[in-house]
Each structure stands twice: as C-alpha cells, then as structure tokens.
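Subject: A structure to look at

Hi,

Here is the structure I promised to send over. Have a look at it first, then read on for what turned up.

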Amino acid sequence: MEDPKTLPSPSVSSTESPSPQLPPPPDAWVAEYRRLHPQWESVRDSTKIAIPVSISRVNQFDAARLDVEMSAMLKEQLVKVFSLVKPGLLFQYEPELDAFLEFLIWRFSIWVDKPTPGNALMNLRYRDERAAPTTGKEVRTGLEGPGLSVSQKILYCITTVGGQYIWSRLQSFSAFRRWGDSEQRPLARRAWGLVQHAEGLYKASSFFNLLLFLYGGRYKTIVERILKARLVYGSPNMNRAVSFEYMNRQLVWNEFSEMLLLLLPLLNSSSVKKFLLPFSKDKSASSSGDEADCPICRSGPSIPFVALPCQHRYCYYCLQTRCAATSSYRCARCNEIVVAIQRQGSS
C-alpha cells in the first residue's frame, strides 16, 4: 500500500504549474557567480559607456538660414512701419536696426532657455557641453545635458549681436573716412591694414572651423566652439513643420536668382543677340533692316567708318570702343573678325 505522505515530484518540463518564487541568493552566491562568469559582468558594465549621437549637419545649416530669413522678415515689416518717414533715414541707422532685431531674437529665445525660430523648426537647442554627461548610467542620446549658463548667454549676445554691430560700423566708418587711400595719414593707413588683416584672419578661422564642423559635426561657428555651446536635439519626437521639399526648392531658387544677378551685368547684350539671331523666327525682318544705320547704336552714324574687310558701316566711337575692348572683335552684321577700320569714302 502506497504511503499517502509521499507524493510524486512534478516534472521539470511541466507547464501547468508555475515555478515557485525563490528568495534572492545570498551575497556569497552573487560573488561566486561573478567569479565564474566574468563575461556577464563586462556586458553589464558596457551599458555605462557613452554612446555618441551625430546631430544632423543639414539641420544645423538650415536652422541658421531660417534664422536669417526670420530676421529679414522682421526687418521688412519694420521698414514698412517707417515708410512715411524721411527717405534715407533708416539707411543711416541700418546697423542699429539689425542689432536691435538680433537682440530681440536673443532676448526671447536664448535668454529664456528657448530655441531660436530656426532651431525650433529643426528640433534643435543649445546645450552646455562642459556640463553634459559623458560617462555613467545615463546614456547620451542627444537630449541630456543642461542648457546654456547665464555667462554663456551674455557672452553669446556680446559676440554675435555686439560684434556684428561694431564690425559693420567700423567698416562703414573706415570707408567713409577713406582709410585705405594713399593720401591719408600713416596712422589711418595702418588702421586700415589692421582691419584688413583682422578680416582675413577671421575668414581663415571660419573656414578652418567649417572643415572641423563637416568632419565632427559639433560646432557650426567659432562663437559656439569658444563658448562650448553645442546644438543638440530638443525632443525625441518631432512633427516637421516645414517639408524638406519646400525648403530645398526655396534654397535652389534663391541661389539661382543670386547667380543670375551676378552674371547678367557681365554679359554682353550684343553677343547674346548675335548668338540668338540664327534661332529667331523673324529672320526676314532682321535681314531687311536698314543697312545705313550703325548696328551698335541703331542710329545714323555721325562719323561713318567702315570695318575691314567686310565694309559694314559704323559710328566711329562705337566701332573704336568695341575694337579697343576686344582684340578680335567680330562684325555685328556678318560676324566676321574686324581687322582694321577706315573712314568711309577715303582710299
């Protein structure tokens, strides 16, 4: 007869009964487990290693460009307010106006621990890199770390707002006083040389900082690098307010318009007309034009000269200036190289 006190032991592979809750092991067992399995201890300690997070360089450039556009929009609205004031009054105080707008943006964004309008659209904020956690239990995701300190905010305002204002005023004052003229006093010429050397040094430093930024992606400007103010992500999730397609289209058209404004004054209108003449639909009207008029000024030549060897008539001043400006000037009518000019009727 089976003993009623003896019960069969449950199977290990049984899934019907839950496993009993075991008490925590004593410290001696934990120490022995760590000694026998050192690899698990190294894995646990590896979670404390700081994980660097790359902040998008494109977002930082776009944020700076959006801040410039915001300042330009505010300036345009402010100029419209003073549209009835004496013309040219705001032009005299344009550096003060720009400094005032930049100060307002700084006062209501960086000073109160908020991002600038461009940084807000790109989900960026400034962080004090000197106080940011680098090691420990906190993993670096680009969100940790305090904002800028009071001293960093004040120095940022002095270097950006005040520095730009002083530099613009210094440039306008030196240009008005003509420090670079050779007739000025040696002190003025020396001051002009120092201004030029300072500008060259700043541009070289900015270029070197740009190379470092493209390589590491940490500080976009020299001021940010000196103050250790780094742009990081503001929140883990972001609802993009401006699409990349719209931003790229605006940037492309802006750069294209600036390129046209730069190249159009350098183009020769007569050369463009001659180039487009074979593609013109109204070829009969162009061929039946008045041959007696000068093809450059489109009027009757006061001092008629002919181009050799094609014998087409020109004004003396029109033809002489074109030949003096270009060594191999081509006739505006037949596109033949003008070798010499001769007064009409002379042998």
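Let's start with a quick one: is Phe213 buried or exposed? Phe213 is buried, as its relative accessible area is 0%. Do keep in mind that this is a predicted model.

Phe213 has a ring partner, Phe61, and the two ring centres are 5.2 Å apart. Their planes meet at 90°, and anything over 60 degrees counts as edge-to-face, so that is what we call this pair. What I like here is where the two residues sit along the chain. Phe61 belongs to helix α3 (residues 57-81) and Phe213 to helix α8 (residues 186-216), so the pair links distant parts of the chain, 152 residues apart. Unlike its buried partner, Phe61 is partly exposed, with a relative accessible area of 35%. In total, the model has 7 aromatic pairs.

Now zoom out to the two helices themselves. The axes of α3 and α8 are 10 Å apart, and the helices pack at an angle of about 135°. Why is α3 called oblique to α8? Because that angle falls between 115 and 145 degrees, outside the ranges for roughly perpendicular and roughly antiparallel.

Which residues do the touching? On the α3 side you'll find Arg57, Gln60 and Phe61. They meet Leu210, Phe213, Leu214, Tyr215 and Gly216 of α8. Sorted by class, this contact has 5 nonpolar, 2 polar and 1 charged residues.

There's another aromatic pair worth finding: Phe103 and Trp106, with ring centres 5.6 Å apart. Their planes are 35° apart, which makes the pair tilted. Both residues sit in helix α5 (residues 94-107), and because they are 3 residues apart there, about one helical turn separates them. Trp106 is buried, with a relative accessible area of 9%, while Phe103 is partly exposed at 36%. Ring pairs also bring in Trp111, which joins Phe103 and Trp106 in a cluster.

Last, two spots where a charge meets a ring. The charged end of Lys153 sits over the ring of Trp111, 5.8 Å from the ring centre. Arg107 lies over the face of Phe108, at 5.5 Å from the centre of that ring.

Have fun turning it around on your screen!

Cheers

Methods: Residues numbered from 1 in each chain as written. Predicted model: local features only at pLDDT ≥ 70, side-chain atom pairs only at ≥ 80, totals over all residues. Heavy atoms only, no water. Phe/Tyr/Trp six-rings, centres within 6.5 Å; stacked < 30°, edge-to-face > 60°. Helix = DSSP H or I, 4+ residues; strand = E, 2+ residues; numbered from the N terminus. Buried < 20%, exposed > 50% of the residue type's maximum accessible area, 1.4 Å probe, protein only. Lys NZ or Arg CZ within 6 Å of the ring centre and 35° of its normal. Axes fitted to C-alpha atoms, helices over the stretch in contact; angles between N-to-C directions. Parallel < 35°, antiparallel > 145°, perpendicular 65-115°, else oblique. Contact = heavy atoms within 4.5 Å. Nonpolar A, V, L, I, M, F, W, Y, C, P; charged D, E, K, R; others polar.
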